[in-house]
Amino acid sequence: MSEENALPAQEVALTAMPTVDDVIEALKDVIDPELMVNVVDLGLVYGVNIDDE
């Protein structure tokens with residue numbers, strides 16, 4: 001592949017680890033298809049653990 005056809009370099013942004021609140025907010029987008037209520041409000045999420053890895 002010649003240099004003139006090479007793709008430009010992309011910058012990679014480092015992001016912080018998600019917080020427990022971030023995960024819970026994301027889970028609120030998961031909707032039960034029968035009840036049309038999110039899984040958090042249904043009480044199906046009992047806890048969130050963030051692993052360092």
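These are my notebook entries on what I looked up in this predicted model.

**Entry 1: overall make-up**

I started with the secondary structure and got 1 helix and 0 strands. The helix, α1, spans 20-27. Next I pulled the burial figure: buried residues make up 6% of the 53 residues in the protein. I also looked up the accessible surface, which comes to about 5,200 Å². Carbon and sulfur atoms own 53% of that area.

**Entry 2: N38**

Is N38 buried or exposed? I get 11% relative accessibility for N38, so I log N38 as buried, the cut-off being under 20%. As for its place in the chain, N38 sits in the segment after α1.

Then I asked which backbone nitrogens lie by the polar side-chain atoms of N38. One is the backbone nitrogen of V40, at 2.9 Å from a polar atom of the N38 side chain. Another is the backbone nitrogen of D41, where I noted 2.7 Å to a polar atom of that side chain.

I also listed what N38 touches, leaving out residues up to four places away in sequence. The list reads L27, K28, V30 and I31. L27 falls within the 20-27 range of α1.

**Entry 3: the salt bridge**

How many salt bridges does the structure hold? I count 1. The partners are K28 and E25, whose side chains meet at 3.2 Å, N to O. For background, I jotted down that side chains of opposite charge can pair when their charged atoms come close.

I checked accessibility for both partners. K28 is at 31% relative accessibility, so K28 goes down as partly exposed. E25 has a relative accessible area of 48% and is therefore partly exposed too. K28 had already turned up in my N38 contact list.

**Entry 4: M36 backbone**

M36 caught my eye in the backbone angles: its phi is positive, about 60°, and M36 is not a glycine. I wrote the usual expectation next to that: most residues other than glycine have a negative phi. M36 is in the segment after α1. With a relative accessible area of 60%, over the 50% cut-off, M36 counts as exposed.

**Entry 5: nonpolar patch**

Which residues make the nonpolar surface patch? I have L35, V37, L42, L44 and Y46 down for it, with an area of about 520 Å². I looked more closely at one of them, L44, which is placed in the segment after α1. L44 has 48% relative accessibility, so I put L44 down as partly exposed.

**Entry 6: pairs separated along the chain**

I picked two C-alpha pairs to see how sequence separation compares with distance in space.

- A26 and V40 are 14 residues apart along the chain, and their C-alpha atoms are separated by 9.7 Å. A26 is in helix α1. A26 comes out as partly exposed, at a relative accessible area of 45%. V40 is a residue I had met before, through its backbone nitrogen at 2.9 Å from the N38 side chain.
- G47 and V20 are 27 residues apart in sequence, with 8.9 Å between their C-alpha atoms. G47 is in the segment after α1. Its relative accessible area is 55%, so I have G47 as exposed.

Key
Residues numbered from 1 in each chain as written. Predicted model: local features only at pLDDT ≥ 70, side-chain atom pairs only at ≥ 80, totals over all residues. Heavy atoms only, no water. Helix = DSSP H or I, 4+ residues; strand = E, 2+ residues; numbered from the N terminus. Buried < 20%, exposed > 50% of the residue type's maximum accessible area, 1.4 Å probe, protein only. Polar contact = N/O pair within 3.5 Å; in protein donor to acceptor, adjacent residues only side chain to side chain. Contact = heavy atoms within 4.5 Å. Salt bridge = Lys/Arg side-chain N within 4 Å of Asp/Glu carboxyl O. Patch = residues over 30% accessible without salt bridge, like charges linked within 9 Å, V, L, I, M, F, W, Y side chains within 5 Å. Areas by Shrake-Rupley, 256 points an atom, 1.4 Å probe, with all protein chains shown as cover.
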